[in-house]
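Me: Could you take a close look at the charged side chains in this model, and say what surrounds them? I am in my first year, so please go slowly and connect one step to the next.

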Amino acid sequence: MTNAIELIDVNKNYGRFALERICFSVPQGSIVGLVGENGAGKSTLIKIILALRKPDSGKVYVFGQEAAALGAREKARIGVVFDEGSFPAHFTVSKIARMLQLAYQNQWDADSWAGYIKKFDLPENEVFSKLSKGMKMKLSIAAALSHHAELLILDEATSGLDPFIRDEIIGILNEFTREENHSILISSHIVTDLEKLCDYIAFLHHGKLLFMDEKDEIMRRYAMFSGSEEEVGALPKSAVVSVRRHKYSVEALIDRTCAPEDLSLHPCSLEDIIIYLSKSEDS
């Protein structure tokens, strides 16, 4: 399978914080969610992929080429959306369109832009600084989708938005990947959004990649067990990933591959899995 993005043993050391031996890929046609707590290194990793930061060691490939060596034509195949948007504060929506047309020239699709502006109900004569956060995000997504990008990279694109706008954005991103050559890497600490959207999940914790796997496989592998301290203590140690103790019971995240087949378990959310795995790593 062709990869839109591939990272091989990427390291970046800032002294107090470091990304260590990061290896994962974004298969073409897929949506990969990069999840982790604030400060886990998600934004740093995205900047390395975009060649805005240079790794200390390792390789980063985008569309099969080294990220730092991409030319203007290849860069135009990437649509980037950051948390707060990146347009001049005093530019109106229509002036932003003219700026983007000059930047992308032949790749710019004015009809596509106009369609998104209408669909998102964005005021063309309003300046960027006066737009709500949701409108800024939708404007950034409209820009990313209006120059025929094949790869979208979104850093905390749904952060701080209300559930209705987040759901609308998730629908837009799902529609984007109906094209087989379209791929998305999206970072977020809102795990419920990634659970709805993604094919793969990459879990970054304190600068280390704890896993990168198909979301459905992750959901199949882990489940919750509720019982007494004695019942949890009697389980195979290899099956118990992490434990949370309550006043009258104990809950444990269980790795099904190591658990007895007859053990009574109940499903858990991706957010539960991430939280329990974080606790396990920190203990």
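**Charged side chains and their surroundings**

Reply: In helix 8, the side chains of E217 and R220 meet in a salt bridge, with 3.0 Å from N to O. Please keep in mind that the model is predicted. The two partners are three residues apart in helix 8, which means that about one helical turn separates them. As for the surroundings of this pair, E217 is partly exposed, with a relative accessible area of 32%.

Helix 8 runs over residues 215-221, and K215 belongs to it. K215 is buried and yet has no salt bridge, for the nearest side chain of opposite charge, that of D216, is 4.4 Å away. A salt bridge requires a side-chain nitrogen of Lys or Arg within 4 Å of a carboxyl oxygen of Asp or Glu, so a distance of 4.4 Å does not qualify. What does the side chain of K215 reach instead? It reaches the backbone oxygen of E195, at 2.7 Å. If residues up to four places away in sequence are left aside, K215 touches L194, E195, K196, C198, D199, Y200 and I201.

One of these neighbours, C198, deserves a short detour. C198 is buried, with a relative accessible area of 3%, and the closest cysteine sulfur, in C268, is 17 Å from its own sulfur, which is too far for a bond. C268 is in no disulfide either, since the nearest cysteine sulfur, that of C258, is 15 Å away; a disulfide needs two cysteine sulfur atoms within 2.5 Å, and so neither distance comes into question. C268 is buried as well, at 10% relative accessible area. In the structure as a whole, there are zero disulfides.

Salt bridges, by contrast, are present: the structure holds twelve of them. Two that link separate helices can be followed in detail. In one, E175 pairs with K119, and their closest N and O atoms are 3.8 Å apart. E175 lies in helix 6 (residues 163-176) and K119 in helix 4 (residues 110-119), so this pair ties together parts that are 56 residues apart in sequence. Both ends are partly exposed, E175 with a relative accessible area of 42% and K119 with 47%.

The other pair is made by E168 and K138, whose closest N and O atoms are 3.5 Å apart. Here E168 belongs to helix 6 and K138 to helix 5, and therefore the bridge ties together parts that are 30 residues apart in sequence. Are the two ends buried or exposed? E168 is partly exposed, with a relative accessible area of 29%, whereas K138 is buried, at 10%.

Helix 5, where K138 sits, spans residues 133-145 and includes A144. A144 is buried, with a relative accessible area of 3%, and, leaving out residues up to four places away in sequence, A144 touches G79, V80, V81, A149 and L152. Its C-alpha atom is separated by 9.8 Å from that of L154, a residue ten places apart from A144 along the chain.

After helix 5 the chain enters a loop that leads to strand 7 (151-155), and H148 lies in this loop. H148 counts as exposed, at 51% relative accessibility, and its phi is near 55 degrees, a positive value in a residue other than glycine. As background, most residues other than glycine have a negative phi. D9, a charged residue by its side chain, has a positive phi of about 50 degrees. D9 has its place in strand 1 and is partly exposed, with a relative accessible area of 28%.

Strand 1 (residues 3-13) pairs with strand 4 (residues 57-62) in the antiparallel sense over five bridges, and within this pairing I5 stands opposite V62.

A last lysine to consider is K42, which is among the buried residues of helix 1, together with T44, L45, I46, I48 and I49. Helix 1 (residues 42-49) has six of its eight residues buried, so it is largely enclosed by the rest of the structure. Just after helix 1, A51 takes a positive phi of about 60 degrees.

Notes: Residues are numbered from 1 along each chain as its sequence is written. This is a predicted model: local features need pLDDT of at least 70, side-chain atom pairs count only at pLDDT 80 or more; totals for chains, interfaces and linings use all residues. Side-chain values use heavy atoms; hydrogens and water are left out. Buried means under 20% relative accessible area, exposed over 50%, partly exposed in between (1.4 Å probe, protein chains only). Helices (H or I, at least four residues) and strands (E, at least two) are DSSP runs, numbered from the N terminus. A polar contact is a pair of N or O atoms within 3.5 Å; within protein, one must be able to donate a hydrogen and the other to accept it, and residues adjacent in sequence count only if both atoms are side-chain atoms. Contact means heavy atoms within 4.5 Å. Two strands pair if DSSP finds at least two bridges between them.
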